[in-house]
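Look at the structure below and follow it from one pair of strands up to the relation between two chains.

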Number of protein chains: 4
Amino acid sequence: MANLIGFPMIRVGVVGASGYTGGELLRILSIHPEVKVNVATSREFAGKPISYVHINLRRYYPDLKFSNVSIDELTSRCDLVFVNTPSGISQKITPRLLESGLKIIDLSPDFRLRNPQDYEAWYGMKHEALDLLDRAVYGLPELHREEIRNANLVACPGCNATSSILALTPLVESNIIDLERIVVDVKVGSSEAGRRPNPGTHHPERANVMRPYSVEGHRHVAEIIQELELLSRRKVKIIFVPHAVGAVRGSLATCHTWLTQQKIDDNILRRIYAKRYGGEPFIRIVGEGLFKYPDPTNVLGSNYADVKAVPYQDVGAIAFCAIDNLVKGAAGQAVQCMNIMLKLDEKMGIDTPPLRPI
Amino acid sequence: MANLIGFPMIRVGVVGASGYTGGELLRILSIHPEVKVNVATSREFAGKPISYVHINLRRYYPDLKFSNVSIDELTSRCDLVFVNTPSGISQKITPRLLESGLKIIDLSPDFRLRNPQDYEAWYGMKHEALDLLDRAVYGLPELHREEIRNANLVACPGCNATSSILALTPLVESNIIDLERIVVDVKVGSSEAGRRPNPGTHHPERANVMRPYSVEGHRHVAEIIQELELLSRRKVKIIFVPHAVGAVRGSLATCHTWLTQQKIDDNILRRIYAKRYGGEPFIRIVGEGLFKYPDPTNVLGSNYADVKAVPYQDVGAIAFCAIDNLVKGAAGQAVQCMNIMLKLDEKMGIDTPPLRPI
Amino acid sequence: MANLIGFPMIRVGVVGASGYTGGELLRILSIHPEVKVNVATSREFAGKPISYVHINLRRYYPDLKFSNVSIDELTSRCDLVFVNTPSGISQKITPRLLESGLKIIDLSPDFRLRNPQDYEAWYGMKHEALDLLDRAVYGLPELHREEIRNANLVACPGCNATSSILALTPLVESNIIDLERIVVDVKVGSSEAGRRPNPGTHHPERANVMRPYSVEGHRHVAEIIQELELLSRRKVKIIFVPHAVGAVRGSLATCHTWLTQQKIDDNILRRIYAKRYGGEPFIRIVGEGLFKYPDPTNVLGSNYADVKAVPYQDVGAIAFCAIDNLVKGAAGQAVQCMNIMLKLDEKMGIDTPPLRPI
Amino acid sequence: MANLIGFPMIRVGVVGASGYTGGELLRILSIHPEVKVNVATSREFAGKPISYVHINLRRYYPDLKFSNVSIDELTSRCDLVFVNTPSGISQKITPRLLESGLKIIDLSPDFRLRNPQDYEAWYGMKHEALDLLDRAVYGLPELHREEIRNANLVACPGCNATSSILALTPLVESNIIDLERIVVDVKVGSSEAGRRPNPGTHHPERANVMRPYSVEGHRHVAEIIQELELLSRRKVKIIFVPHAVGAVRGSLATCHTWLTQQKIDDNILRRIYAKRYGGEPFIRIVGEGLFKYPDPTNVLGSNYADVKAVPYQDVGAIAFCAIDNLVKGAAGQAVQCMNIMLKLDEKMGIDTPPLRPI
């Protein structure tokens, strides 16, 4: 296979392709001009055509079927692999794929945390590929673009971590808030829980809820603290509480912060965000319009993160970030990282406007 | 009209009866054994039967029609009036009704704030019935039951104020949190905005949103601070941000607080809440069960407030309160206040279990 | 236990109490003044308190726990049992309960069909209690009130059968439509599928759908044909297609019929329905109002069926019926049948107005 | 402006650009490689940037502002105009634009009906551009591709007409159903009602509904009958009832038909549909998969129409068609027509996979 101007297509594999993130990867890659998906794995649906599960993709992968994971098949038929597995699995597969010279974009949590003790504390198991932790780059282009460019192993952030970090970064860098009194209150849609049904995602139990969960400690907070401490070189304390709300897609981080200096007005905050994110292809700073704050319904189906910060009555600053949890929070960001790693246009294949209303 | 044992029914009027709170009042009062609704006012629907607007109430008020507000009709045909108007209107009507000896339960914001300057600051107008501010009792039975019993004018709280104050009261009273670093993040359903359509409540614009609003300052925060400062006799600072989420009914207050002393465990918090709310007929402390945190979908259609507080990793405490914004957040609480004022069983007419799933 | 005037309470059991219909039975019976629930069975949750599963019912059954089914316990502790099991189970339990002199209200499909061959054809198993088929009464009070009054075994209709039959009855009885060209297009909420999660009820898969199902033949059509043929004494043919739509509760039957005589106007249809249903406590004929056609959102939480028929351009008549599938379509109708069997006021415990908006 | 290979871009105008269909046109055209939008009109928002209203399109039209309609501006700056106005307006504008040599794609109802009496009957006004009725082509490519290719004036179908006609066409052409006993039961999302709020689209009133509307006669039925009679050359009678259901996007037509010959099995119907639609770029015949019937949630954001027909118990055939009402039911189909008129690849700019889950 070749692209329009005759160069060979990049051969890609998706490990864990039948879930929602897998489906989004296949959807996005189906229209990416430089990539061909050669392998899509799923234990449950091995042998079935892609559209059997992803019925939206009928016609897009007429010749591809789900297969079982095979390292040999991946190494022989792929140049780059998206690893999209539960925690604990990627660390078994990824080392072997890297050894064979493949580039890896890991959407699992296995390589996000630099400190192996953090991994053990949050994921309840020992890490089995400690030597790779240093080589893995945290796949948030807005913070680590240059490292991603040179990486062979990129560990993409969790969706709530993406929205939280993007909301807070300019505030943290500008050194105007109390870093030990940050509150992040997140709202998410039901697709975050993945494709597998459980008692809490059964429609009658999930529709219309405003339901806190993982209040005792959500795993994504470890990534958020890691990245914000890297930015600030100081101790960061966060209360982080996610809430399931009535939507299928979307993650909104509302970050409540207390100012360390009085009188930060609207304009100063706008300039801080504009300066930090001015050149970013997928960050939009929300200003004028019929609705004035970030809301995931304005970015659905796209790789955009809408952000804004406003002062709160001389004492605080509220920073918001809204993303599509399956795109900028997962598959889209992974493709953005892929484009950077492959020295393609960073927006290739993901430069589509959000769908609205939806 | 007489009740079952021959006493005359209490004659009630509802000023502002065609909106959602008005409809809930009519729904609840239709099954209240000691009350008869004699007057229901609506400028827009004057002359129409109740069920023309409240189509759920077909059959319940066969002989009642909406009428225009008339002080004479209210004073001659009612013993007690629910005043359910926009801010600024109640303060014109209520003094005249009180003078005629009626009891008033005001669901508007006009008599909630004790300090007239606060009213002016938040509602943008001078208060015209200053002399009544001292006589008005804030209609939250869990804080002011005895005063309500002796009041002629009760000012019911806003729905988000109800959920926020009920969540925070035991924490504030027990003196274990930093009162100047409270964050209240509220999620609400669309019915909170009332019956009148606007661009933000149009279904395609409102469905599935996670949309912050009134970030610059929501009026309910003034009530919350007033009541919490009354409880604590100290300065209270709150960052308060409401969010519209995908539901019709419900208000969830998530109150993020920072502990002033370390090591408050689960059991201590449970005991604090159990002790404070043990005898309350409409407060349920959420414990064991398929879902472990308050969520409005567990209280819809009822006057219950589900509450719970949990520690957050040795540094914080999160307190939740979930209510039906139209019942415990408005009409149900108003009837609870009425029962108290009239020395009836406090649960009369509102002792119905929530509807679930819905 | 005694009721208010000193008579002993009727002792009731619920077999299959942890599902949605079971939960609705418990909710309704909790406020029924003549009934006490003594037994509630659930294999999965045996030993757990009621509110562990039905978290809305916290406080309502403080002393009751789920138990395993025991015929002995049921016969010794109950006067009447609601049997709410999958098909095939009730026919094993019910005969033994009847023998012991209990009254049975069966919410399963086991005793709805009079013809055992129909049962075998639609449910794929032989019926093991053929002798009871003649004694069982189809529990639709609007069609079989007198038989229910004298029955010991009542078989409550399916929810979609209830809405379809109630919509069509006056049209069929008045002999103005082509009985062999009836189309019934049903829309239902997700709670119809019960509490157990499956791939089709997972929230991301179920939200916002307009999804036909059981198109090859839905079991409820057998009941509908049975009842309409009983009414008309003629052959009835129906195309019946249910659709899952975006709601938790509700069943709307839209019945499209072709007139056998021209020129049936609005008034004639209204009179036909008014005459047929005039005295019915739970049928409301929809007329004037902000919304002019039946819609389940106007009856949620209640036992009402809203009905209406209108002519379609000189050639057809469309009949609608909207119910809450868990109330008039299941638990509420079962309690209505119980009231009739026990010679209580038919509306006792179910005379509550619908909740709206919701 | 030039496209990638140096040819000048086609200059396009959108009259009525601030509504939902206008927004979808702008969204789709923003990624169309051969088109540049030069004019977007809106009386209400004239002077505002596109993203003020279409907040999803932030960044996509940095230099374009809404303007008032000006025939001169349209004729001087555009080669082709999408006319997206209420009924009665297009017939005033379109003749003047055509005279100036522009190509017109009309999304209003003004030029859909060939018979001016039909127009008068359904739209309540005289048609003022009768001479154009013969030149207008009904913009359903699956029925009129060749005529569209040669047309200067294309009248795009209504969304419910699109889904209904596409579902029924193969059945009607194959002459196996009773053409005078067709029932079309349509379910639609709230975006169909357009951007302007009304009491029925207010979120608390619109969420979760199953609400029949326009039961007395929906305007789209006139188009459907016109097209099906053209296909069959025989009299067609349809009962057509739309229902608002709980979703923002989507139109599902369920077409219930009675067979004129017995024993049409699954395979025959599949072959009839496969043969008729085999080469169609935007029709997908639904077969195997996790879900087996058309449902709009499988096509959202795309120009696909998913169709399927199945036999109903030897007596009937049910045909389904699911579309995104704003894409294949409006803007996408209009762009498909544009591509045909301009001799571009028919799929250009609209060859994107649906978004799912959503």
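Two strands are said to pair if DSSP finds at least two bridges between them. In this predicted model, strand E12 of chain A (residues 305–312) and strand E13 of chain A (residues 316–323) are joined by eight bridges and run antiparallel. Within this pair, A:Asp306 lies opposite A:Ala322 of E13(A).

Both strands belong to an open sheet of seven strands in chain A, with the order E8-E9-E7-E10-E13-E12-E11 and mixed pairing. At its edges are strand E8 (210–212) and strand E11 (283–285) of chain A, each of which pairs on one side only. From one strand to the next, the twist averages 20 degrees.

Now take chain A as a whole. Its domain assignment gives domain 1, covering 10–135, and domain 2, covering 160–325. The centres of these two domains of chain A, taken over C-alpha atoms, are 27 Å apart. Domain 1 of chain A brings eight residues to the contact, and domain 2 of chain A brings seven residues. On the side of domain 1 of chain A that touches domain 2 of chain A, there are four nonpolar residues, one polar and three charged.

The last step concerns two copies of a chain. Such copies are related by a rotation about an axis and a shift along it. For chain D and chain C, a turn of 180 degrees and a shift of 0.0 Å along the axis lays chain D on chain C with an RMSD of 0.0 Å. This is the relation of a two-fold axis. The C-alpha of chain D nearest the axis belongs to D:Gly246, at 2.2 Å from it. Both copies use the same surface, as 100% of the contact residues of chain D recur in chain C.

How values were computed: Residues are numbered from 1 along each chain as its sequence is written. Chains are lettered from A and ligands numbered from 1 in the order in which they are written. This is a predicted model: local features need pLDDT of at least 70, side-chain atom pairs count only at pLDDT 80 or more; totals for chains, interfaces and linings use all residues. Copies are superposed by least squares on the C-alpha atoms of residues with pLDDT of at least 70 in both. Two residues are in contact if their C-beta atoms, placed from the backbone, lie within 7 Å. Domain bounds come from an automatic or database domain assignment. Ala, Val, Leu, Ile, Met, Phe, Trp, Tyr, Cys and Pro count as nonpolar, Asp, Glu, Lys and Arg as charged, and the others, Gly among them, as polar. Helices (H or I, at least four residues) and strands (E, at least two) are DSSP runs, numbered from the N terminus. Axes are lines fitted to C-alpha atoms, for helices over the stretch in contact, and angles run from 0 to 180 degrees between N-to-C directions.
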